[in-house]
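Q: Could you take a close look at one part of this model with me? I would like a connected walk through it and its surroundings.

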Amino acid sequence: MGTLEVGFIMSNPENRHITKVLKKGDMFVFPIGLIHCQRNVGHGNAVAIGRLSSQNPGVITIANAAFGSKPDISDDLLAKAFQVVKRVVGRLQAKF
């Protein structure tokens with residue numbers, strides 16, 4: 001069964017990374033305008049239903065939020081999302 005790890009990064013200057021593991025039947029709402037992520041951490045396929053709004057989210061600095069979040073976002077997740085090797089992720093996290 002698929003299990004989703006979902007998360008979002010709070011706005012600057014905190015860049016706090018909030019995560020939760022969802023199982024079948026669970027629900028999670030991403031706050032409007034914040035950078036978010038999700039990945040299957042289970043042992044099977046996962047199904048998720050998403051809905052987007054059309055409100056203006058404002059401005060979020062992606063590099064600061066993604067590479068400077070506390071706690072850090074997983075190297076694996078960032079490497080896959082930005083299609084780079086983990087070494088590059090480590091260098092970027094060190095700058096933020």
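Q: Let's take strand β1 as the part: how many bridges join β1 to strand β2, and do the two run parallel or antiparallel?

A: Happy to. Please keep in mind that this is a predicted model. Strand β1 covers residues 4–9, and 6 bridges join β1 to strand β2, residues 17–22, with the two strands running antiparallel. There is a second partner as well: β1 and β3 are joined by 5 bridges, again in an antiparallel arrangement. Glu 5 is a handy place to see both pairings. On the β2 side, Glu 5 stands opposite Val 21, while in β3 the residue opposite Glu 5 is Arg 39. As for its surroundings, β1 is largely enclosed by the rest of the structure, because 5 of its 6 residues are buried.

Now follow the chain into the loop between β1 and β2, where you will find Asn 15. Its backbone deserves a glance: Asn 15 has a positive phi of about 55°, although it is not a glycine. With a relative accessibility of 8%, Asn 15 counts as buried.

Asn 15 also leads us to another loop, since Ser 69 is in contact with it. Beyond its neighbours within four places in sequence, Ser 69 is in contact with Ile 9, Asn 15, His 17 and Asn 64. Ile 9 falls within the residue range 4–9 of β1, and His 17 falls within the range 17–22 of β2. Ser 69 itself sits in the loop between α1 (62–67) and α2 (75–82). Its relative accessibility is 1%, so Ser 69 counts as buried. A polar atom of the Ser 69 side chain lies 3.5 Å from the backbone nitrogen of Ile 73. While you are in that loop, look at Pro 71, which has its place there too: the peptide bond from Lys 70 to Pro 71 is cis, with omega near -5°.

Let's return to β1 and go to its other partner. His 36 is found in strand β3, residues 36–40. Not counting residues up to four places away in sequence, His 36 touches Gly 7, Phe 8 and Phe 30. Gly 7 and Phe 8 lie within the range 4–9 of β1. The side chain of His 36 also reaches the backbone oxygen of Leu 34, at 3.2 Å. His 36 counts as partly exposed because its relative accessibility is 43%. UniProt, in an unreviewed entry, lists His 36 under "binding site".

β3 has contacts with helix α2 as well. Leu 77 is found in α2, and, leaving aside its neighbours within four places in sequence, Leu 77 is in contact with Cys 37 and Arg 39. That brings back Arg 39, the residue in β3 that stands opposite Glu 5. At 15% relative accessibility, Leu 77 counts as buried.

One last stop is the largest pocket, which holds about 1,000 Å³ of space. It is lined by 31 residues, and the closest to its centre are Phe 28, Phe 30, Ile 49, Gly 50 and Arg 51. Phe 30 is also one of the residues that His 36 touches. And β1 takes part here too: β1 and β3 each supply at least two residues of the pocket's lining.

How values were computed:
Residues numbered from 1 in each chain as written. Predicted model: local features only at pLDDT ≥ 70, side-chain atom pairs only at ≥ 80, totals over all residues. Heavy atoms only, no water. Helix = DSSP H or I, 4+ residues; strand = E, 2+ residues; numbered from the N terminus. Buried < 20%, exposed > 50% of the residue type's maximum accessible area, 1.4 Å probe, protein only. Polar contact = N/O pair within 3.5 Å; in protein donor to acceptor, adjacent residues only side chain to side chain. Contact = heavy atoms within 4.5 Å. UniProt positions renumbered as here; feature names shortened; annotations may be inferred. Pairing = 2+ DSSP bridges. 1 Å grid on protein atoms, 1.4 Å probe; cavity = no way out; pocket = protein on both sides within 12 Å on 5 of 7 lines; lining within 4 Å. Points joined across faces, edges and corners; volume = space filled by probe spheres on them.
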